[in-house]
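Open the model in your viewer and keep the sequence panel in sight. The stops below say what to select next and what is there.

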Amino acid sequence: MGDPKRSKNKFRKPRRPWSSDQLTQELQIVGTYGLRNKRELWKAQTELSRIRKQARALLALPHEVRHGKETELLQSLRRLGLVQEGATLDDVLNLTIENLLERRLQSVVMRKGFVKTPYQARQAVVHGHIIINDRIVSIPSYIVRRDEEPAVAIRPDSPYARMPPPVQEVETVGEVEVAEESVKEKVEEEAATAQS
């Protein structure tokens with residue numbers, strides 16, 4: 001048994017922490033997903049490396065031995081929403097850090113449109129405004145299972161529930177052009193009816 005005061009790290013630091021390419025990439029991921037610090041990123045990277053290590057170990061086993069363990073690993077990853085139905089171990093090896101960070105509660109809240117920014121999503125989760133199946137979850141790094149995702153909601157008595165939903169902006173130019181054309185057509189029709 002280890003010393004209770006000196007708990008083991010749940011992450012491994014990068015081998016070259018001051019590489020400029022790595023610093024840039026880490027900073028971009030931290031900003032995109034609204035992580036508190038790089039320690040959260042390193043925890044996710046360590047978890048991803050653990051999953052990929054299991055897949056590599058299974059690939060090294062004979063086919064008869066690995067079949068049961070392979071289905072067990074794929075089912076657990078499917079429950080978490082990391083792989084799709086009918087995935088193989090190659091799909092597990094192709095997982096990226098973004099796949100794992102998208103399953104965090106903070107990212108799910110942001111994706112559902114309850115808030116505008118990832119940092120606002122983190123604040124909503126930490127302050128207890130988000131519930132899953134009528135249970136308050138205040139951990140931003142909580143991995144949301146696939147069956148729990150529809151149950152993620154804002155607490156009814158929360159100030160976030162009284163806020164209007166954020167306005168969805170049109171991203172593609174083609175839809176904007178169609179909208180402008182339909183407005184021009186309506187103006188022309190109104191002008192034609194006013195003349196007659």
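**The whole chain**

Begin with the protein chain as a cartoon: it has 9 helices and 3 strands. Helices (H or I, at least four residues) and strands (E, at least two) are DSSP runs, numbered from the N terminus. Followed from the N terminus, the order of elements is α-α-α-α-α-α-α-β-β-β-α-α.

This is a predicted model, in which local features need pLDDT of at least 70 and side-chain atom pairs count only at pLDDT 80 or more, while totals for chains, interfaces and linings use all residues. Residues are numbered from 1 along each chain as its sequence is written, and side-chain values use heavy atoms, with hydrogens and water left out.

Of the 196 residues in the protein chain, 32% count as buried. Buried means under 20% relative accessible area, exposed means over 50%, and partly exposed lies in between (1.4 Å probe, protein chains only). Contact means heavy atoms within 4.5 Å. Among contacts in the protein chain between residues at least 6 apart in sequence, 57% join residues at least 24 apart.

**Helices H1 and H2**

Select residues 20-33, helix H1, and residues 38-60, helix H2. At what angle do the axes of H1 and H2 cross? They cross at roughly 95°, and the axes come within 10 Å. Axes are lines fitted to C-alpha atoms, for helices over the stretch in contact, and angles run from 0 to 180 degrees between N-to-C directions. The crossing makes H1 roughly perpendicular to H2. Angles under 35 degrees count as roughly parallel, over 145 as roughly antiparallel, 65 to 115 as roughly perpendicular and the rest as oblique.

Now show side chains. H1 makes the contact with Leu-23, Glu-26, Ile-29 and Val-30, and H2 with Lys-38, Leu-41 and Trp-42. Sorted by class, the contact of H1 with H2 has 5 nonpolar, no polar and 2 charged residues. Here Ala, Val, Leu, Ile, Met, Phe, Trp, Tyr, Cys and Pro count as nonpolar, Asp, Glu, Lys and Arg as charged, and the others, Gly among them, as polar.

**Two pockets**

Rolling a probe the size of a water molecule over the atoms shows where empty space is left. On a 1 Å grid over the protein atoms alone, a pocket is an open set of points where a 1.4 Å probe fits, with protein on both sides within 12 Å along at least five of seven lines; lining residues have an atom within 4 Å of a point. Grid points are joined across faces, edges and corners, and a volume is the space filled by probe spheres set on the points.

The largest pocket has a volume of about 460 Å³. Select Lys-43, Ala-44, Glu-47, Ser-141 and Ile-143, which are the closest to its centre of the 22 lining residues. H2 gives the largest share of this lining, 8 residues. The lining of the largest pocket divides into 11 nonpolar, 4 polar and 7 charged residues.

The second largest pocket holds about 340 Å³ of space. Its lining includes Arg-12, Gln-22, Glu-26, Ile-29, Trp-42 and Ile-97. H1 supplies the largest share of the lining of the second largest pocket, 4 residues.

**Leu-74**

Next select Leu-74 in helix H3. Is Leu-74 buried or exposed? Leu-74 is buried, with a relative accessible area of 5%. Not counting neighbours within four places in sequence, Leu-74 is in contact with Val-83, Ala-87, Thr-88 and Val-92.

**Lys-112 and Arg-122**

Lys-112 sits in the loop between helix H6 (105-111) and H7. Lys-112 is partly exposed, at a relative accessible area of 34%. Draw a line from its C-alpha atom to that of Glu-149: the two are 37 residues apart along the chain and separated by 9.6 Å.

Arg-122 is in helix H7 (residues 118-126). Arg-122 is buried, with a relative accessible area of 14%. Leaving out residues up to four places away in sequence, the residues Arg-122 touches include Gly-34, Glu-40, Arg-104 and Pro-140.

**The S1-S2 loop**

Finish at Asn-133, in the loop between strand S1 (130-132) and strand S2 (135-136). Most residues other than glycine have a negative phi. Asn-133 is not a glycine, yet has a positive phi of about 55°. Asp-134, also not a glycine, has a positive phi of about 60°. Asn-133 counts as exposed at 53% relative accessibility, and Asp-134 counts as exposed at 74%.
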